[in-house]
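Me: Please take a close look at the surroundings of the ligands in this structure. I should like one connected account in which each term is explained where it is needed.

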Amino acid sequence: MRPLALIVALLFGAFLWLYYLQDLPFRNAPQQAISFSHQIHYERGIQCAYCHMDAPRSTFAGMPSVLKCLGCHRIVIPQYPEIQKLHVYWNTQTPIPWKRVFWVPDYVRFNHQPHIAAGVQCQTCHGSIGSMDRVRQRVAFRMETCITCHRAMNARTDCFGACHH
Ligand code: HEC
Ligand code: HEC
Ligand code: HEC
Ligand code: HEC
């Protein structure tokens with residue numbers, strides 16, 4: 001009985017480990033409603049700010065509207081199945097349910113505006129999104145991430161009032 005229990009436990013452990021491994025490349029890289037590739041758009045020279053217009057002036061970077069996508073895709077590869085989905089969202093006036101990749105907990109106060117104003121590049125915090133097919137968070141946002149850079153760039157490091165609600 002004993003050896004059998006051990007074998008079962010080992011097999012179960014191995015299964016969990018394999019499950020963990022095969023999931024790794026997609027951790028924090030959710031499958032989106034439309035398989036949008038940053039890399040393809042980046043290579044065509046489309047600027048981040050063209051789609052994430054609010055980053056320089058607001059808390060949120062913002063997401064492009066369905067209409068903005070259709071602005072190009074009425075003409076660019078209009079028959080492609082992933083593009084056909086855009087028409088469904090447009091005709092039913094539903095926003096595309098993009099899944100969040102980057103986020104900080106509710107008690108953290110983050111604002112894009114002062115960072116863009118201070119000249120911090122998107123890629124410093126988000127990684128090279130322009131070379132990603134599927135957006136993925138490679139480095140977790142921890143408090144040290146914020147603090148380390150704030151110290152280096154002489155930004156505020158007093159917690160309440162600046163970074164915590
Ligand atoms: C400024 C123009 C422009 C805008 C805006 C734009 N795209 Fe594109 N998109 C392109 C171009 C150019 C291509 C490459 C077409 C080709 O390969 O011939 C492309 C390719 C694609 C593809 C096909 C990629 C593949 O797998 O081959 C998808 C899907 C797509 N875009 C979705 C979107 C979505 C969703 C939006 C809105 C969030 C959007 N696009 C906004 C220009 C644009
Ligand atoms: C053609 C429009 C378009 C362009 C150009 C574009 N993005 Fe995006 N971006 C999107 C869409 C649509 C999503 C949501 C789907 C996804 O996550 O792939 C997104 C998602 C993101 C996210 C993840 C948001 C989250 O959920 O946390 C980041 C970060 C981001 N973009 C940064 C950038 C950066 C940096 C650039 C420039 C290198 C850029 N984007 C250029 C359309 C665009
Ligand atoms: C100082 C670090 C930092 C910089 C620089 C930065 N971001 Fe972000 N970004 C974040 C954090 C943190 C979040 C998560 C915010 C939240 O959970 O409310 C985020 C969220 C996002 C999102 C998700 C949607 C949203 O509005 O919250 C997008 C899209 C995005 N960033 C795009 C950009 C783009 C484009 C740039 C460059 C113009 C940029 N970011 C520069 C840290 C940064
Ligand atoms: C790569 C560097 C960098 C990172 C990472 C970073 N910041 Fe900043 N942060 C700055 C700079 C630079 C300023 C602007 C300082 C100024 O204007 O004096 C700033 C300003 C701020 C402000 C405005 C403070 C004020 O003056 O009122 C807040 C809030 C803030 N950051 C929160 C965060 C949080 C939360 C994180 C982590 C999720 C973070 N930051 C990550 C560099 C960074």
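Reply: A residue is called buried when its relative accessible area is under 20%, exposed when that area is over 50%, and partly exposed in between; a 1.4 Å probe is used, on protein chains only. The model is predicted, so local features need pLDDT of at least 70 and side-chain atom pairs count only at pLDDT 80 or more, while totals for chains, interfaces and linings use all residues. Residues are numbered from 1 along each chain as its sequence is written, chains are lettered from A and ligands numbered from 1 in the order in which they are written, and side-chain values use heavy atoms, with hydrogens and water left out.

Let us begin with the iron sites. Donors are N, O and S atoms within 2.8 Å of the metal (3.2 Å for Na, K and Ca), and sites may look incomplete because water is not among the atoms. The iron atom of ligand 3 is coordinated through the NE2 atoms of His112 and His126, at 2.0 to 2.1 Å. These two residues bring together distant parts of the chain, since His112 lies in helix H6 and His126 in helix H7, 14 residues apart. Helices here are DSSP runs of type H or I with at least four residues, numbered from the N terminus. His112 is buried because its relative accessible area is 17%, whereas His126, with 22%, is partly exposed.

The six donor atoms at the iron atom of ligand 3 form angles of 87 to 179°, and the site is octahedral. Six donors count as octahedral if opposite donors are over 155 degrees apart and all others between 65 and 115. The ideal octahedral angles for comparison are 90 or 180 degrees.

At ligand 4, the iron atom is coordinated by His115 (NE2) and His150 (NE2), at 1.9 to 2.0 Å. Here again the pair joins distant parts of the chain: His115 belongs to helix H6 (residues 112-117) and His150 to helix H8 (residues 143-152), with their positions 35 residues apart in the numbering. The site of this iron atom is octahedral as well, with angles of 87 to 180° among its six donor atoms. His115 is partly exposed because its relative accessibility is 24%; His150, at 16%, counts as buried.

We may now turn to ligand 2. A residue is near a molecule if one of its heavy atoms lies within 4 Å of it. By that rule 21 residues surround ligand 2, and His38, Cys48, Cys51, His52 and Phe102 come nearest. Of these, Cys51 is partly exposed, because its relative accessibility is 22%.

Polar contacts (pairs of N or O atoms within 3.5 Å) add detail to this picture. A polar side-chain atom of His38 lies 2.8 Å from a nitrogen atom of ligand 2, and a polar side-chain atom of His52 also lies 2.8 Å from a nitrogen atom of ligand 2. Phe102 takes part through its backbone, where a polar atom is 2.6 Å from an oxygen atom of the ligand. Helices H2 (38-43), H3 (48-51) and H7 (122-126) each give two or more residues to this shell, and H2 gives the most, with three.

The shell can also be sorted by class: Ala, Val, Leu, Ile, Met, Phe, Trp, Tyr, Cys and Pro count as nonpolar, Asp, Glu, Lys and Arg as charged, and the others, Gly among them, as polar. Around ligand 2 there are 13 nonpolar, six polar and two charged residues.

Ligand 1 is surrounded by 17 residues, the closest being His41, Arg44, Cys69, Cys72 and His73. His41 has a polar side-chain atom 2.8 Å from a nitrogen atom of ligand 1. The side chain of Arg44 places an N or O atom 3.1 Å from an oxygen atom of the ligand, and for the side chain of Tyr80 the corresponding distance to an oxygen atom is 3.3 Å. H2, helix H4 (66-73) and helix H5 (81-91) each supply at least two residues of this shell, and H4 gives the most, with four. By class, the shell holds 11 nonpolar, three polar and three charged residues.

One loop residue completes the account. Gln93 is placed in the loop between H5 and H6, and its phi is near 50°, a positive value in a residue other than glycine. Most residues other than glycine have a negative phi. Gln93 counts as exposed because its relative accessibility is 57%.

Conventions:
Four donors count as tetrahedral if all angles lie between 85 and 135 degrees; four count as square planar and six as octahedral if opposite donors are over 155 degrees apart and all others between 65 and 115; anything else is irregular. A polar contact is a pair of N or O atoms within 3.5 Å; within protein, one must be able to donate a hydrogen and the other to accept it, and residues adjacent in sequence count only if both atoms are side-chain atoms.
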